[in-house]
Amino acid sequence: MTAAQIVPTLVVPFIAWRVYSRVRRTIGRQHFRAGRSWTSVIIFSLLTVLIALSALHSPAALGGLGLGVVLAVPLGIVALRLTRFEADAAGKYYVPNPVIGVGVTLLFLGRLAYRMATAMGGAAAVVGAPRVAQSPLTLALYGLTAGYYVTYSAGLLRHKWDAS
């Protein structure tokens with residue numbers, strides 16, 4: 001196996017596992033963990049800054065990223081309003097709205113799958129990978145996803161956990 005074959009072989013299962021765990025966390029009753037929310041806020045924020053820096057050369061791509069983030073904030077607020085919060089002796093819990101969380105994630109993953117499928121073709125996948133940061137639509141959907149999860153996680157951290 002060449003390096004071009006080994007990297008996707010190792011990375012694709014990892015990404016699939018992370019997507020599964022992310023989608024699973026948007027369905028059903030979840031135990032609130034402040035550390036998990038802080039991790040989401042920090043990692044998505046840092047990735048967004050790094051992606052914005054890589055897109056500085058393209059005003060359209062940077063605009064797409066910004067538009068996605070701007071649209072994500074009200075979507076995250078709506079999702080927080082649709083979330084049911086519970087606190088009891090066993091701990092703090094929340095039940096997120098599955099449609100919004102799964103929908104946002106699937107939009108971005110669908111776009112990534114499309115971009116990967118169009119870039120496939122041996123070395124073209126490796127050479128074409130950095131061009132993801134040049135696509136305004138891809139960056140808009142990433143901005144929507146990252147902004148949504150940052151807003152939602154920050155909202156979970158700010159929620160007053162009164163017993164229901």
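Three strands form an open sheet in the order β1-β3-β2, and their pairing is antiparallel. Two strands count as paired if DSSP finds at least two bridges between them. β1 (30-31) and β2 (84-88) are the edge strands, each with a single partner, so one side of each has no neighbour in the sheet. The model is a predicted one, in which local features need pLDDT of at least 70 and side-chain atom pairs count only at pLDDT 80 or more, while totals for chains, interfaces and linings use all residues. Residues are numbered from 1 along each chain as its sequence is written, and side-chain values use heavy atoms, with hydrogens and water left out.

β2 is joined to β3 (residues 91-95) by five bridges, and this pair runs antiparallel. The two strands form a hairpin with two residues between them. Within the hairpin, aspartate 88 stands opposite glycine 91 of β3, and alanine 87 has lysine 92 as its bridge partner. On the other side, two bridges join β1 to β3, again antiparallel; here histidine 31 is partnered by tyrosine 93. Four of the five residues of β3 are buried, so this strand is largely enclosed by the rest of the structure. Buried means under 20% relative accessible area, exposed means over 50%, and partly exposed lies in between (1.4 Å probe, protein chains only).

The sheet is one part of a chain with six helices and three strands. Helices (H or I, at least four residues) and strands (E, at least two) are DSSP runs, numbered from the N terminus. From that terminus on, the elements run α-β-α-α-β-β-α-α-α.

The edge strand β2 also takes part in salt bridges, of which the structure holds three. A salt bridge is a side-chain nitrogen of Lys or Arg within 4 Å of a carboxyl oxygen of Asp or Glu. Glutamate 86 and arginine 29 meet in one of them, at 2.8 Å from N to O. That pair links distant parts of the chain, with glutamate 86 in strand β2 and arginine 29 in the loop between α1 (3-24) and β1, 57 residues apart. Arginine 29 forms another salt bridge with aspartate 88, where the closest N and O atoms are 3.6 Å apart. This second pair also links distant parts of the chain, at 59 residues apart, with aspartate 88 in strand β2. Glutamate 86 has a further salt bridge to arginine 84, at 3.0 Å from N to O. Arg29, Arg84, Glu86 and Asp88 are thus linked in a network of salt bridges. Glutamate 86 is buried, with a relative accessible area of 18%. The other members are partly exposed: arginine 29 at 45%, aspartate 88 at 43% and arginine 84 at 49%.

Among the helices, α6 (residues 136-158) has 23 residues, which at 1.5 Å a residue should span 33 Å; its end C-alpha atoms are 32 Å apart, which agrees. The expected span is 1.5 Å times one less than the number of residues in the helix. Since 17 of the 23 residues of α6 are buried, this helix is largely enclosed by the rest of the structure.

Serine 153 lies in α6 and counts as buried, at 5% relative accessibility. Leaving aside neighbours within four places in sequence, serine 153 is in contact (heavy atoms within 4.5 Å) with Ser37, Ser40 and Val41. The C-alpha atoms of serine 153 and serine 40 are separated by 6.7 Å, although these residues are 113 apart along the chain. Serine 37 belongs to helix α2 and is buried, with a relative accessible area of 5%. Not counting residues up to four places away, serine 37 touches Phe32, Ser153, Leu156 and Leu157.

Helix α2 (residues 34-54) also holds leucine 47, which is partly exposed at 37% relative accessibility. Leucine 47 is one of the residues in a nonpolar surface patch of about 900 Å², together with others including Trp38, Ile42 and Leu56. Patches are made of residues with over 30% relative accessible area and no salt bridge; like charges are joined within 9 Å, and nonpolar side chains (Val, Leu, Ile, Met, Phe, Trp, Tyr) within 5 Å.

Across the chain of 164 residues, 37% count as buried. Of the contacts with a separation of 6 or more, 78% are between residues 24 or more positions apart.

Notes
Accessible areas come from the Shrake-Rupley method with a 1.4 Å probe; for residues, only the protein chains shown count as cover.
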